[in-house]
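Here is a colleague's note to be read beside the coordinates, set out as numbered points. It takes up the sheets, the helix that lies against them, a pair of packed helices and two individual residues.

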Amino acid sequence: MHSARRRRADEDRPTAGCPRRARVRHDGHVPELPEVEALARFLRERTAGRAVDRIEVGAISALKTFRPTPDDLAGGTVAGVARHGKWLDLTVDVDAPGGGPLHLVWHLARAGWVRWSDALSPTPVRPGKSPLALRVRLDDGSGFDITEAGTRKKVAVHAVHDPAQVERIATLGVEPLSDDFTVERLTELMAARNQQVKGLLRDQGTIAGIGNAYSDEILHAARTSPFALTRSFDAEHVTTLYRAIRDVLTEAVLTASGRPAAELKDAKRRGMRVHGRAGEPCPGWNGIPCGDTVHEVSFADSSLQYCPTCQTGGKPLADRRLSRLLK
Ligand SMILES: [Zn+2]
C-alpha cells in the first residue's frame, strides 16, 4: 500500500488514458501462488526435521481457532510445509492424544508476510501493536514470524488437525499448476457460469492461487480483455488462455523459488509486465514493444492494468461502466 506507492515517485502523475489513477492503491505486493509457493519451499528447507520449541501469539485477532492451541504444537517435529492456493501449511508431527499431525495454516492477505530469522530474539513475544502476529520458534533458536503491517488486520492463522477444517481451504478450486488442471477442465469452468474472465481467474473457489496481479499478467499474455465473458471463448481462445495461465505461473514460480523470503516482494514487482505499470510502455511481444502504454481501470480498493493494443482491439476500457459491471 504505502510502500507500494513509494516505489515509483511518479505514480500519481496524471496520465492520459488512465482515468482516476490517483488515489488508487496498487497491490502488486500481495503474495499469490508463485510467492506463496516460494515461501513454502523456503520454509520447508529451513524447518524440515526441526522440533517446534514454542509458538507465541503477538496478535490475538490473527489466530482464528481455539483448539488445538499453539501450545499443542510445541515439542512436535516439522514434517513439511505445503501450499494450498495462497495458504501456507506447516505440518507438525506431535505426540498427542488422538494422534496424527497438527497443522498451522495461514493466509497472508494484503499486508502479511513471513520473516525468517536464523537466531530469533530470546525475548518472549508480548501481544501488542507490533506487526508481529505470530512467532514460531524452532529448537535451534531459528524460526519465523508471521507479520502484518498496517491497521486492517486480515491475516488468518488456524491450528487444525486437517487443513480442510478451514472452509476457505476446503472450498479451493483446482491448483492451476497441477495435473488436474487441463484445457478440458478450464473449458468446463469457463462454461459453468458466464462471467468476466478476470473474475474467474481470481475466484479462489474456481482456480486456486491467482490474484489481481497474476490475472493481469495472464490476460496480457493471452492478449485477452479482462472483461471478456467466459462463455464467449471458442476452443482456440480457451487453449490460449490455458497456456498463458500455465506459462505465466510456471515462470513466476521459477523466478521466485530459491530466493529468500525478504526478496520475494521486490522480485514479484520487477517481474510484472503490465500489472502496476500504468503509464509505462507496454513491453509487447518477443522483445518488441507494441507502441501503446499500459492503461488502468480503477475500482474502490484496487485497480487492474492492461494494454489496449494487445488486449482490447486498441480501445481503452471505459472506467465507470466497467466498475459497475465488475461489482
Ligand atoms: Zn501492448
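1. For the helix packing discussed next, axes are lines fitted to C-alpha atoms, over the stretch in contact in the case of helices, and angles run from 0 to 180 degrees between N-to-C directions. The model is a predicted one, and the remarks below should be read with that in mind.

2. Helix α4, residues 183-192, packs with helix α7, residues 235-256, at an angle of about 115°, and the two axes are 10 Å apart. That angle makes α4 roughly perpendicular to α7, since angles of 65 to 115 degrees count as roughly perpendicular. The crossing in which α4 passes α7 is right-handed.

3. Which residues of α4 and α7 meet? From α4 the contact takes in Val183, Leu186, Thr187 and Met190, and from α7 it takes in Val238, Thr239, Leu241, Tyr242 and Ile245. Sorted by character, the residues of this contact comprise seven nonpolar and two polar, with no charged residue.

4. One open sheet consists of four strands in the order β1-β6-β7-β5, with antiparallel pairing. Its edge strands are β1 (52-57) and β5 (112-117), each of which pairs on one side only. Leaving direction aside, neighbouring strands of this sheet are turned against each other by 15° on average.

5. Within that sheet, β5 pairs with strand β7, residues 143-148, in the antiparallel sense and over six bridges. One bridge can be followed by residue, because the partner of Gly112 in β7 is Glu148. Helix α2, residues 33-47, packs on the sheet and touches β5, β6 (132-138) and β7, while its direction makes about 25° with that of β5.

6. A further open sheet is formed by four strands in the order β2-β3-β4-β8, and here too the pairing is antiparallel. Strands β2 (77-84) and β8 (156-160) stand at its edges with a single partner strand each, so one side of each has no neighbour in the sheet. From one strand to the next, the twist averages 15°.

7. The antiparallel strands β2 and β3 are joined by seven bridges, and His84 stands opposite Trp87 in β3. Helix α2 lies across β2, β3 and β4 (102-107) and runs at about 170° to β2; α2 is also the helix that touches β5, β6 and β7.

8. Is Thr91, which lies in strand β3 (residues 87-93), buried or exposed? Its relative accessible area is 14%, and Thr91 is therefore buried, the cut-off being under 20%. Setting aside neighbours within four places in sequence, Thr91 is in contact with Thr77, Val78, Ala79, Gly80, Pro101, Leu102 and His103.

9. Glu37 lies in helix α2 and counts as buried, because its relative accessibility is 13%. When residues up to four places away in sequence are not counted, Glu37 touches Arg44, Arg83 and Val253. The C-alpha atoms of Glu37 and Ala252 are separated by 9.9 Å, although these residues are 215 apart along the chain.

Methods. Residues numbered from 1 in each chain as written. Predicted model: local features only at pLDDT ≥ 70, side-chain atom pairs only at ≥ 80, totals over all residues. Heavy atoms only, no water. Helix = DSSP H or I, 4+ residues; strand = E, 2+ residues; numbered from the N terminus. Parallel < 35°, antiparallel > 145°, perpendicular 65-115°, else oblique. Left-handed = near helix turned anticlockwise from the far one by under 90°. Contact = heavy atoms within 4.5 Å. Nonpolar A, V, L, I, M, F, W, Y, C, P; charged D, E, K, R; others polar. Buried < 20%, exposed > 50% of the residue type's maximum accessible area, 1.4 Å probe, protein only. Pairing = 2+ DSSP bridges.
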